[in-house]
Amino acid sequence: KTQNLVDIPSDYLSMDLLNKKWETKVNDLKAGWEQQKKNALVHRRKVIVSGNLKCPKCRASHSNGVCHKSCPKISGGEGTLYYWVDGPTNTCICDKCEETSRITSVCCYDCSTTLSARIVPI
């Protein structure tokens, strides 16, 4: 008695249709992510160390922000800055090479001590 009670479109399980929907969703997500990265460079929320802005070991100041030491565009990363892209995933972007990284802690540039990182709007 349940047979043929509900019409199911002939393309309901069409792999072509499902693939197109999937590709559309993926492309929408990629476009949104690229826009979020661009916004990060516009809003410029610097990544800095938590608490006192000086390294507890060598007393170096980190008030200028966290640099991308391995930036391929600038040897040693001097003058680069990381900006927050997405808080929940701790994703940041380098302002010079635009490479993204997930950051929860950073190393002191001078002595390599591990320091916690946080977001600070400029």
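**A polar contact at Thr-80 and its surroundings**

A polar atom of the side chain of Thr-80 lies 2.8 Å from the backbone nitrogen of His-68, and this pair is a useful place to enter the structure, which is a predicted model. Thr-80 itself belongs to the loop between β1, residues 45–49, and β2, residues 82–86. Thr-80 counts as buried because its relative accessibility is 3%, where the cut-off for that class is under 20%. Leaving aside residues up to four places away in sequence, Thr-80 touches Val-66, Cys-67, His-68, Cys-71 and Ile-74, and also Cys-94, Asp-95 and Lys-96.

Two of these neighbours lead on to the largest pocket. Val-66 and Cys-67, which Thr-80 touches, are listed together with His-62, Gly-65 and Tyr-109 as the residues closest to the centre of the largest pocket. The space in that pocket amounts to about 490 Å³, and 25 residues line it. Sorted by class, the lining consists of 11 nonpolar, 11 polar and three charged residues. Strand β5, residues 105–107, supplies the largest share of this lining, with three residues.

The loop between β1 and β2, in which Thr-80 lies, also holds Arg-59. Is Arg-59 buried, partly exposed or exposed? With a relative accessible area of 48%, Arg-59 is partly exposed, because that class covers the values between 20% and 50%. The backbone of Arg-59 deserves a second look, since its phi is near 65°, a positive value in a residue that is not glycine. Most residues other than glycine have a negative phi. Ser-112, likewise not a glycine, has a positive phi of about 70°, and Ser-112 is found in the loop between β5 and β6, the latter spanning residues 114–121.

From these local details one can step back to the chain. The protein chain contains one helix and six strands, and their order from the N terminus is α-β-β-β-β-β-β, with the helix placed ahead of the strands. Buried residues, a class to which Thr-80 belongs, make up 27% of the 122 residues in the protein chain. The accessible surface of the chain comes to about 8800 Å², and carbon and sulfur atoms account for 51% of that area. As for how contacts span the sequence, among those between residues at least 6 apart, 49% join residues at least 24 apart.

Methods: Residues numbered from 1 in each chain as written. Predicted model: local features only at pLDDT ≥ 70, side-chain atom pairs only at ≥ 80, totals over all residues. Heavy atoms only, no water. Helix = DSSP H or I, 4+ residues; strand = E, 2+ residues; numbered from the N terminus. Buried < 20%, exposed > 50% of the residue type's maximum accessible area, 1.4 Å probe, protein only. Contact = heavy atoms within 4.5 Å. Areas by Shrake-Rupley, 256 points an atom, 1.4 Å probe, with all protein chains shown as cover. 1 Å grid on protein atoms, 1.4 Å probe; cavity = no way out; pocket = protein on both sides within 12 Å on 5 of 7 lines; lining within 4 Å. Points joined across faces, edges and corners; volume = space filled by probe spheres on them. Nonpolar A, V, L, I, M, F, W, Y, C, P; charged D, E, K, R; others polar. Polar contact = N/O pair within 3.5 Å; in protein donor to acceptor, adjacent residues only side chain to side chain.
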